[in-house]
Amino acid sequence: MDCLFCKIIAGEIPCKKLYEDEQVLAFYDIDPQAPVHFLVIPKQHIACASEIDSENSQIVAHIFEVIAKLVASLKLSDGYRVVNNCGVQGGQTVPHLHFHILGGRDMTWPPG
Ligand code: 5GP
Ligand code: ZN
């Protein structure tokens, strides 16, 4: 499949890997927007959050379990932000479901 993140999962494109199990991959963003910026993605290709349904929603719970472990290991005890951009107007540029985890600086609200 012609999907950037599926190629990263397949090892066809390198990444700075943070965590991997049979269901998910976590790796650092190539263009970090905070001192800590990594992505957690399902290995199953799901295009965006709008494709989450009763068949595949378990992966989202697992992703948030992984996020909790990773932020603890990275000592983001002052807080962090989890972002999912969905669709063109949501600012999604890679059409494979992913959650951004940003930390290490104060975040602002509302986001741009
Ligand atoms: P989106 O804009 O779809 O929410 O997020 C896509 C993210 O993927 C962006 O933050 C972008 O910097 C990151 N990204 C795009 N291409 C690559 C790549 O080849 N490797 C890594 N590690 N991150 C990438
Ligand atoms: Zn994909």
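This is a short tutorial dialogue on reading a predicted model.

Me: I'd like to start with the sheet. What is the order of the five strands, and how do they pair?

Reply: Good place to begin. With a sheet, read the spatial order before following the chain. Here the sheet is open, its five strands are ordered E1-E2-E3-E5-E4, and the pairing is antiparallel. The edges are strand E1 (17-20) and strand E4 (80-83), each of which pairs on one side only. From one strand to the next, the twist averages 20°.

Me: Let me zoom in on one edge. How many bridges join E4 to E5?

Reply: Four bridges link E4 to strand E5 (residues 99-103), and the two run antiparallel. To find your register there, look for Arg 81, which stands opposite Leu 102 in E5.

Me: Now the helix packing. Which strands does helix H2 lie across?

Reply: For a helix on a sheet, ask which strands lie beneath the helix and at what angle. Helix H2 (residues 58-73) lies across E1, strand E2 (24-28), strand E3 (36-42), E4 and E5. Relative to E3, H2 runs at about 150°.

Me: On to the ligand. How many residues surround ligand 1, and which are the closest?

Reply: Start with the shell, then go to individual atoms. Ligand 1 is surrounded by 16 residues, and the closest are Asp 29, Asn 85, Thr 93, His 98 and His 100. By character, the shell divides into eight nonpolar, six polar and two charged residues.

Me: Which element gives the largest share of that shell?

Reply: That is H1, with three residues. Helix H1 (4-10) and E2 each supply at least two residues of the shell.

Me: And the polar contacts: what lies 2.7 Å from an oxygen atom of ligand 1?

Reply: A polar backbone atom of Thr 93 does. Gly 91 also takes part through its backbone, with an N or O atom 3.2 Å from an oxygen atom of the ligand. From the side chain of His 98, an N or O atom is 2.9 Å from a ligand oxygen atom. Overall, the protein covers 83% of the 520 Å² of accessible area that ligand 1 has on its own.

Me: Last topic, backbone geometry. Which residues does a cis peptide bond join?

Reply: The general idea is that most peptide bonds are trans, and most residues other than glycine have a negative phi. In this model, a cis bond joins Trp 109 and Pro 110, with omega about 5°. Pro 110 sits in the segment after E5.

Me: Where is Lys 75 found?

Reply: Look in the loop between H2 and E4. Lys 75 is not a glycine, yet its phi is positive, about 60°.

Methods
Residues numbered from 1 in each chain as written. Chains lettered and ligands numbered in written order. Predicted model: local features only at pLDDT ≥ 70, side-chain atom pairs only at ≥ 80, totals over all residues. Heavy atoms only, no water. Pairing = 2+ DSSP bridges. Axes fitted to C-alpha atoms, helices over the stretch in contact; angles between N-to-C directions. Contact = heavy atoms within 4.5 Å. Near = heavy atom within 4 Å. Polar contact = N/O pair within 3.5 Å; in protein donor to acceptor, adjacent residues only side chain to side chain. Areas by Shrake-Rupley, 256 points an atom, 1.4 Å probe, with all protein chains shown as cover. Nonpolar A, V, L, I, M, F, W, Y, C, P; charged D, E, K, R; others polar.
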